[in-house]
Amino acid sequence: MILLKNRKYYAENFEIAGRVLGAHMDIILPPAGFFLWLEVGDGKTVAQKLWKEAAIKTVPGELMGRTDANGNNPGREYIRIALVYDSKTTELGLTRLANTLFN
């Protein structure tokens, strides 16, 4: 029962992400989990911008990837967002994120 409740909780947050962010960019919503990866060009720069300008904490994708011998890191162009708050807080945070990045 708790598992189904959790799935519904996170599915609602992904629906909010699709609605709020999908108006501004192409996003791929995962079938499960609570992390959303956004392709933003330079994850580190965008994560810093979101923190400084909107007080939103995200993780630069490069911290989740491994840099190879040629200096390539598959996560460099992404940020990782944890959609773990209630739906009202999630919508507020994602709206602030969109306003910061796209306005």
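1. In this predicted model, β1 and β3, the latter spanning residues 78-82, are paired in the antiparallel sense through five bridges. Within that pairing, Phe 35 has Ala 82 of β3 as its bridge partner.

2. The wider arrangement is an open sheet of three strands, ordered β1-β3-β2, with antiparallel pairing. Its edges are formed by β1 (35-39) and β2 (59-60), each of which pairs on one side only. Against this sheet packs helix α2, residues 43-54, which touches β2 and β3 and whose direction makes about 45° with that of β3.

3. Turning to the interior, the largest nonpolar core comprises 19 residues, and Leu 21, Leu 36 and Leu 38 are those with the most contacts inside it. Two or more residues are given to this core by each of α1 (2-22), β1, α2, β3 and α3 (87-102), with α1 giving the most, namely five residues.

4. Which residues does Leu 21 contact, once its neighbours within four places in sequence are left aside? They are Ile 27, Leu 36, Leu 38, Leu 94, Leu 97 and Ala 98, and among them Leu 36 and Leu 38 are, like Leu 21 itself, listed with the most contacts inside the largest nonpolar core.

5. The largest pocket has a volume of about 450 Å³, and of the 20 residues that line this pocket, Ile 56, Lys 57, Ile 81, Ala 82 and Tyr 85 are the closest to its centre. Ala 82 therefore deserves a second look:

   - as the bridge partner of Phe 35 in β3;
   - as one of the residues closest to the centre of the largest pocket.

6. As for the elements involved, β3 and α3 are those that give two or more residues to the lining of the largest pocket, and α3 supplies the largest share, seven residues.

Methods:
Residues are numbered from 1 along each chain as its sequence is written. This is a predicted model: local features need pLDDT of at least 70, side-chain atom pairs count only at pLDDT 80 or more; totals for chains, interfaces and linings use all residues. Side-chain values use heavy atoms; hydrogens and water are left out. Two strands pair if DSSP finds at least two bridges between them. Helices (H or I, at least four residues) and strands (E, at least two) are DSSP runs, numbered from the N terminus. Contact means heavy atoms within 4.5 Å. Axes are lines fitted to C-alpha atoms, for helices over the stretch in contact, and angles run from 0 to 180 degrees between N-to-C directions. A nonpolar core is a set of buried Ala, Val, Leu, Ile, Met, Phe, Trp, Tyr and Cys residues joined through side-chain atoms within 4.5 Å. Buried means under 20% relative accessible area, exposed over 50%, partly exposed in between (1.4 Å probe, protein chains only). On a 1 Å grid over the protein atoms alone, a cavity is a set of points where a 1.4 Å probe fits but cannot get out, and a pocket is an open set with protein on both sides within 12 Å along at least five of seven lines; lining residues have an atom within 4 Å of a point. Grid points are joined across faces, edges and corners, and a volume is the space filled by probe spheres set on the points.
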